[in-house]
Amino acid sequence: MRVAVVGSGPAGFYAADALLKSDDPRVEVDLLDRLPTPWGLVRLGVAPDHENIKAVSRAFEKTAARPGFRFFGNVEVGSTVSHEDLLELYDAVVYTVGAQTDRQLGIPGEDLPGSWAATEFVAWYNGHPDFQDLEFDLSHERVVVVGNGNVAIDCARMLALTDEELRPTDTTPEATDAINEAGVREILMLGRRGPAQAAFTPPELKELGELAGADVVVDPRDLELDPASARALEEDRERARRNFEVLEEFARREPAGKPRRIVLRFLASPLAILGEDRVEAVEIGRNELVEEDGRLVARPAGETEVVPAGLVLRSVGYKGVALPGVPFDERTGTIPNDHGRALGAERTYVAGWIKRGPSGVIGTNKKDATETVEALLADARAGKLARVDSTRSLEALLDERGVNYVEHEGWQAIDAAERGAGEPLGRPRVKLTAWEQLLETGQRKITR
Ligand SMILES: Cc1cc2nc3c(=O)[nH]c(=O)nc-3n(C[C@H](O)[C@H](O)[C@H](O)COP(=O)(O)OP(=O)(O)OC[C@H]3O[C@@H](n4cnc5c(N)ncnc54)[C@H](O)[C@@H]3O)c2cc1C
């Protein structure tokens, strides 16, 4: 059986691995990605100072070494090839394309220069080739980060790292210099709901208190809980309680006078981003929590204030993007599915963020992809995946269309070049960040 897996992030690799392990039927997997490089957000999302988390890529490379595996980089489904092309060439298609865009705040001034989606900032410092021309003006004293999840924490922490903390990472040299030279003194994080509802995980929160170059500041008054939150916290054994304990410890601290500070504020929403031609300030409204359908939601409490700021990073969630010819649910930003079987599309399956939305850690995608592959293999054994009698191959189609695709050997050449450039600098790698460089290096070791 031949299966195309589209998207080489964690979900794509876990799906490929589960497929390649199958004996009944035996499966060959072509893993496609629109980028010349694999690993999805493990390469281009996970913060560069979390090298230990990026180490999961070693498991991906083991999958890539399995017989029957092939990688095709620089192949975008929806432009280079279509869904219909893939249905013709393969017995089944698994989409693991992640969540490629950001959710909007829906407030005035959101599009002013200086207001960015966290997606853009993250992609920039991680060396994503589509985001290297962006110019983040870090000369201003205050940056506002909107959101209370781990991505918001990543953005705040990256802005606060010292040269010693940044140098041993694979942050791009340009981003390293820009952060080092930044005039930023305060990074203000805004959480719409209270400290008991924050979405970040305790280790990531705790890390903010361990930075060499930044104090972390929490106003003890922000930790005075309403009765419903206090009750919820009493009952919680895990994340919320541990987060709260970390925040209590932060609130007891005296600032040590480090060059930067990260201020965490709760029950605070941006109402408008203000400025003539660019971001100059943020109007912040104080919230209160009210119970709605058994859930505590934030409602404006009436008080507002204007806080000067030169840069705003909006980190309120990622969102999936529709693929031409494949069903899509605009509301959830996912491909509608039943345990991984795409609804209303023959021989089509989904896993990862495009299946369940942008939540969970890297490992969550393993269970998720395994469920999908079990459904696919069950359908194959039940004879539902009518074998396509195609005499064409993907390579032939790509050659016909003049596509400069990158195979796994080409990616290995990119990988080796990047690691080689990093070594003398004590960095794990210096990423190639320009399309031309990536494509050129990716052609080097192709032997066909
Ligand atoms: C900023 C950030 C930091 C994170 N940090 C951590 C962390 O520290 N620890 C942790 O456990 N988890 C972390 N996560 C979560 C983790 O990255 C995700 O759970 C995981 O990457 C989701 O996997 P995925 O395969 O669904 O999507 P992705 O990793 O996004 O992979 C999708 C792939 O599909 C490709 N693609 C998209 N569209 C197309 C198309 N049309 N044609 C071909 N290819 C396409 C993309 O180029 C990409 O390679 C983080 C997430 C973010 C956003």
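**Exercise 1.** Are D102 and R314 buried or exposed?

*Solution.* In this predicted model, D102 and R314 are both buried. Their side chains form a salt bridge, with the closest N and O atoms 3.8 Å apart. D102 belongs to strand β5 (residues 101-102) and R314 to strand β14 (residues 311-314), so the bridge links distant parts of the chain, 212 residues apart.

**Exercise 2.** Determine which parts of the chain the salt bridge between D30 and R70 ties together.

*Solution.* Step 1: the N to O distance between the two side chains is 2.9 Å. Step 2: because D30 lies in strand β2 (residues 28-33) and R70 in strand β3, the pair ties together parts that are 40 residues apart in sequence. Step 3: D30 is buried, at a relative accessible area of 5%, whereas R70 is partly exposed, at 29%.

**Exercise 3.** Establish how the buried residues of helix α4 are arranged.

*Solution.* Step 1: within α4 (residues 57-64), the buried residues are S57, F60, T63 and A64. Step 2: viewed down the helix axis, these residues fall within an arc of 105 degrees, so they line one face of α4. Step 3: an α-helix has 3.6 residues a turn, so residues three or four places apart point the same way. Step 4: R58 and K62, on the other side of α4, are exposed. Step 5: the cover over the buried residues includes α1 (10-20), β3 (69-73) and α16 (408-422).

**Exercise 4.** Describe the surroundings of N74.

*Solution.* Step 1: N74 is located in the loop between β3 and α5 (83-89). Step 2: its relative accessible area is 16%, under the 20% limit, so N74 counts as buried. Step 3: a polar atom of the N74 side chain lies 3.0 Å from the backbone oxygen of N404. Step 4: N74 also touches other residues, among them D33, Y405 and W435.

Terms used:
Residues are numbered from 1 along each chain as its sequence is written. This is a predicted model: local features need pLDDT of at least 70, side-chain atom pairs count only at pLDDT 80 or more; totals for chains, interfaces and linings use all residues. Side-chain values use heavy atoms; hydrogens and water are left out. Buried means under 20% relative accessible area, exposed over 50%, partly exposed in between (1.4 Å probe, protein chains only). Helices (H or I, at least four residues) and strands (E, at least two) are DSSP runs, numbered from the N terminus. The arc is that of the directions from the helix axis to the C-beta atoms. Contact means heavy atoms within 4.5 Å. A polar contact is a pair of N or O atoms within 3.5 Å; within protein, one must be able to donate a hydrogen and the other to accept it, and residues adjacent in sequence count only if both atoms are side-chain atoms. A salt bridge is a side-chain nitrogen of Lys or Arg within 4 Å of a carboxyl oxygen of Asp or Glu.
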